[in-house]
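Subject: The structure I promised, plus notes

Hi,

Here is the structure I said I would pass on. Have a look at it first, and then read on for what turned up when I went through it.

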Amino acid sequence: MTREPAEPLRLDYMIKAGTIHSMTGETYRSVGLRGAEIAAVSAEPDGLDDLAGHSTSVVEAGDLTLLPAFADSHEHLMEASRNTLLVPVDQARSVAEFTGMIAEAARGAAPGKWILTSIAWHESNLAENRLPTLAELDAAAPDHPVLARRGGHLAVVNSAALQAAGIGPDTPDPTGGKIGRLPNGSRDGVLEARAVYQVAAFAAGPSQAELAGALGATSAAYAALGVGTIREAMINLDEMVAYQDAWDRDLLRVRVRPMIRVGAELTEDAAVALIDGLGARSGLGDDWLRIWGLKFVMDGGAEGAALEEPYANDPGNSGHLNWDPAVMTRVCVEAARRGWRIGTHAVGDRAMRTLLDVYEAVAAQVGPLPPWTLVIEHGMLSDAAQRDRAVRGGFNVTVQHPVLWNMGSEMLDTWGPERTRRVNPIDQWLAVGADLAAGTDIVRPFNPMTNVWGMVTRGTKSAGIQGPEHAISVGRALELYTMGTARLNHEQDRLGSITPGKLADLVGYPADPLASDPDDLAKLAPAFTIVGGRATYDPNKRLAR
Ligand SMILES: [Zn+2]
């Protein structure tokens, strides 16, 4: 019997690098790509030369270190993209600049059209260090409803917006929300928690085609920072269609794994009906766009988290829970039985304890579930008993140091220094055997290396070092940010490391993060990013074919 010689493997790219960290323990000097996948690796720079043909692009990158592209376990790409279509008040540095931007937007809009701002602003960036008032917004845009959402849980609006949403002097607060008043009883335009959605429901946003275009541009901005995959942390069904539109038009520059919101405002029957109506289950899609699962939100953020002990700056307040645990348990049981994965936002320690009650009850009723089926998003405040319960139950955790980085000053005010120091103790989770996935949750393109720097130093933007005892190593941080998220996405056999047969998602850096001073990492930026064998960022044409 004669054997035909095997078809010679011809690489599309052969990259010779200074160091290639596989993230599974090996280091290499060359990697070969063919189509969307990694075809071969070698410990020698010239070890793959036999696989090169006349159509192979040989990339001499001895000055670079290659890593798997970053995979963000929890980020709001849709919200970040939507923000680019909104009034950029996050760039205002005073109340006058803030209202000036709104006045300019109103001048260009038909009367009655809603003026929506970016949500990525904070009053601590304004010289006055306070929210704009209803009167100031009325003066800037008397004829347009203005909705200035700040993050996920607070907004300021003008009189036209209150009127458009049907809110008068006697309208009661919604459950789990607050419509603010001045001392004289009149409205002050500040909306908290559920009240934000009550008004936002009246505001017409951008079209699906506009959103798809924004997803393209914004995903390219993430790719330029070395990101290859984003687990999209919350969308509704219209936004899913916008994602499909972007995917159809080949606009996405990162892989996306969306979570579909199941809102606490729904009745139990309506929540189950929503899940049934999806007509699918976790995992539907392709390598670029694949549904991760469902998203529940148990509590708020730095200002609304459900805490065991009251707020440091508000001793009568210990936050709120959005879900009745018994209702949420029944909805989650139905979801898990239909093959859905569930991620639940739980920031405060009381939310964490309640979520553990829910997940334990779900697991008891549904039976054994694969790892990364019932997921805790954030788990910012936890105690040792809660961490033990999470690990014993097989409930995995997504961790986001950038929230502490960004909000450390607010947390010092609202939670106090002792709790702020022990936000997100990645070391303690790892010490009890937790399986974690790292991400950002910061709603704008954020340098993953700044996140790595934060995880290894516990450094923040404006609150100094918080809880240095909870720092982890660079290698660990990189692993949680690549393989960790691949496990979260049930794709550890397809992504997360530089391994032949996996998808070719790589990023090249002009320094080796594993051999650098951690303080040099915060500003380290990539030379190029490759997703699926294709350059998604290559400013110096290092990968030109
Ligand atoms: Zn989030």
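One cut-off before we start: a residue is called buried under 20% relative accessible area and exposed over 50%, with partly exposed in between. Keep in mind, too, that this is a predicted model.

With that cut-off, E192 lands in the middle class: its relative accessibility is 34%, so it counts as partly exposed. The residue sits in strand β10, which spans residues 187–193. Leaving aside neighbours within four places in sequence, E192 is in contact with H153, L154, G177 and K178. If you want a distance to check in your viewer, try E192 and P111: they are 81 residues apart along the chain, and their C-alpha atoms are separated by 27 Å.

β10 belongs to an open sheet of five strands, ordered β6-β7-β8-β10-β9, and the pairing there is mixed. At the edges are β6 (115–116) and β9 (177–181), each pairing on one side only. The pairing of β8 (residues 154–157) with β10 is antiparallel and runs over three bridges. To find the register, look at V156, whose bridge partner in β10 is V190.

Now the metal site. Which residues hold the zinc ion? The ion is coordinated by H74 and H76, each through NE2, and by D441 through OD, at 2.1 to 2.2 Å. Along the sequence these donors follow the spacing H-x1-H-x364-D. H74 and H76 are both buried. D441 is classed as buried as well, because its relative accessibility of 19% is under the 20% limit. Its backbone deserves a look too: phi of D441 is near 60°, a positive value in a residue other than glycine. D441 lies in the loop that links β18 (436–438) to α15.

There is another positive phi at D250, at about 55°, and again the residue is not a glycine. D250 is in the loop between α7 (237–248) and β12 (255–256). Is D250 buried or partly exposed? With a relative accessible area of 40%, D250 is partly exposed.

β18, at the start of the D441 loop, is also part of an open sheet of six strands, β13-β14-β15-β16-β17-β18, with parallel pairing. β13 (259–261) and β18 are the edge strands with a single partner each, so one side of each has no neighbour in the sheet. On average, neighbouring strands in this sheet are turned by 30° against each other, direction ignored. β18 pairs with β17 (residues 396–399) in the parallel sense over three bridges, and T398 has A437 of β18 as its bridge partner.

α15, at the other end of the D441 loop, packs against another helix. The axes of α12 (residues 401–414) and α15 (residues 448–457) come within 9 Å and cross at roughly 85°. That angle falls between 65 and 115 degrees, so the two helices count as roughly perpendicular. On the α12 side the contact is made by H401, P402 and W405, and on the α15 side by T450, N451, W453, G454 and M455. Those residues divide into four nonpolar, four polar and no charged.

Further along the chain there is a run of antiparallel pairing. β19 (residues 506–509) pairs with β20 over three bridges in the antiparallel sense, and G508 has F528 as its bridge partner in β20. β20 in turn pairs with β21 (residues 534–537), also antiparallel and over three bridges, with T529 matched to Y537. Two residues lie between the strands in the hairpin of β20 and β21, where G532 takes a positive phi near 60°. Both faces of β20 (residues 528–531) are covered, with F528 and I530 buried on one side and T529 and V531 buried on the other.

Last one: E479, in helix α16 (residues 474–480). This residue is buried, at 17% relative accessible area. Not counting residues up to four places away in sequence, E479 touches M23, G484 and R487.

Cheers

Key:
Residues are numbered from 1 along each chain as its sequence is written. This is a predicted model: local features need pLDDT of at least 70, side-chain atom pairs count only at pLDDT 80 or more; totals for chains, interfaces and linings use all residues. Side-chain values use heavy atoms; hydrogens and water are left out. Donors are N, O and S atoms within 2.8 Å of the metal (3.2 Å for Na, K and Ca); water is not among the atoms, so sites may look incomplete. Buried means under 20% relative accessible area, exposed over 50%, partly exposed in between (1.4 Å probe, protein chains only). Helices (H or I, at least four residues) and strands (E, at least two) are DSSP runs, numbered from the N terminus. Two strands pair if DSSP finds at least two bridges between them. Axes are lines fitted to C-alpha atoms, for helices over the stretch in contact, and angles run from 0 to 180 degrees between N-to-C directions. Angles under 35 degrees count as roughly parallel, over 145 as roughly antiparallel, 65 to 115 as roughly perpendicular and the rest as oblique. Contact means heavy atoms within 4.5 Å. Ala, Val, Leu, Ile, Met, Phe, Trp, Tyr, Cys and Pro count as nonpolar, Asp, Glu, Lys and Arg as charged, and the others, Gly among them, as polar.
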